[in-house]
Amino acid sequence: MEQQYIQPIPRADVKPKGKREITKNQNRQTILEAARRVFAELGYGATTVRDIIRATPLASGTFYNYFKSKEEVFQAIRDESALRIRPRLHEERVKAGTIEEFISGTFRTFFEYVASDQSNFHAIRRNTDTLRVRMDTPEVIAGFQELREDLETAINKSLFPPVDADFLMAAIVGVAFELAERMLRREVVDTAGAAEFATALFMGGVRSLPAVSAPASSSNASA
C-alpha cells in the first residue's frame, strides 16, 4: 500500500513566501548547484564566472544579482556546509564525558562529514587548495567560535585542565583542516584513520602516534 503523506497545516503566524521570494531562492540554488558541478569538473582555479553561468539556464545579469564573483559563490557553498556540520559537532562535544571523547568525537564527526558531503566532495578532490579558500566566511568563523565556547564550557566543568581555550581551538581547527586536505588526496579516504591520528596527537603528543611502515629509502646518488 502506497504511503500517504499529509501536508502540514501552515502556522497562522508564519507568513507564506511570495512568488518573488521563491523565485529568488530557486535562482540562488540553481547557481550554487551549477557551481558545484563546474568546480568539480574544472577545479576552483580554472573555473570562471562565465563557466558557472553557462551551466545554468539563467542570464548573466541574473547571476550578478546574487554574486559578484566565483569566490562569493564558493563562500556561499562553504557557509552552507558549515551550517550543516556545526550542530553535529556541537552535539558530539556536549555529550562527551572525557577529554578523549571530546577530541575524538570532534575529529571523527568532521572527517566523516567532509568525506560524505557529496555536493562539495568532488570539487575539493579536483582541487584541494579550495579548502583554504575563504576560510573567513561568517558561518565558518561562527563554527570556530562555537568550538571555543564548547572548550570553555568543558574547562569550567573540569573536563579539561585550565588551558588556553583560544590556542587549543586554533590548534584543533588547524589540524582538522590540514588533515582533511591530506585525507582527501589519498586513493582511499580513511576517516577513522585520520580521526585516530588526530586524537592520538592531541591526547599524548608525537610519542603516542601509531607507527607506520618505514618509507622506502631513496637510492643514493652516484658520486
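**Exercise 1.** In this predicted model, work out whether Ser158 counts as buried or exposed.

*Solution.* Start with the relative accessibility of Ser158, which is 61%. The cut-off for exposed is over 50%. Ser158 therefore counts as exposed. Next, find its place: Ser158 sits in the loop between helix H7 (138-156) and H8. Finally, look at its backbone: although Ser158 is not a glycine, its phi is positive, about 65°.

**Exercise 2.** Check what span the 18 residues of H5 should have, and how far apart its end C-alpha atoms are.

*Solution.* Take 1.5 Å a residue, with one less than the number of residues as the multiplier. H5 should therefore span 26 Å. Now turn to the model: the end C-alpha atoms of H5 are 26 Å apart, which agrees.

**Exercise 3.** Describe how helix H5 (residues 99-116) and helix H8 (residues 165-185) cross.

*Solution.* Two packed helices are described by the angle between their axes and the distance between the axes. Here the axes of H5 and H8 come within 10 Å and cross at roughly 40°. That makes H5 oblique to H8. As for handedness, the crossing of H5 and H8 is right-handed.

**Exercise 4.** Find which residues of H5 meet H8, and sort the contact by class.

*Solution.* On the H5 side, look for Ile103, Thr106, Phe107, Phe110, Phe111 and Val114. They meet residues of H8 including Ile172, Val175, Phe177 and Met183. By class, the contact of H5 with H8 has 13 nonpolar residues, one polar and no charged. To finish, compare with burial: the buried residues of H5 include Ile103, Thr106, Phe107, Phe110, Phe111 and Val114.

Note on methods:
Residues numbered from 1 in each chain as written. Predicted model: local features only at pLDDT ≥ 70, side-chain atom pairs only at ≥ 80, totals over all residues. Heavy atoms only, no water. Axes fitted to C-alpha atoms, helices over the stretch in contact; angles between N-to-C directions. Helix = DSSP H or I, 4+ residues; strand = E, 2+ residues; numbered from the N terminus. Parallel < 35°, antiparallel > 145°, perpendicular 65-115°, else oblique. Left-handed = near helix turned anticlockwise from the far one by under 90°. Contact = heavy atoms within 4.5 Å. Nonpolar A, V, L, I, M, F, W, Y, C, P; charged D, E, K, R; others polar. Buried < 20%, exposed > 50% of the residue type's maximum accessible area, 1.4 Å probe, protein only.
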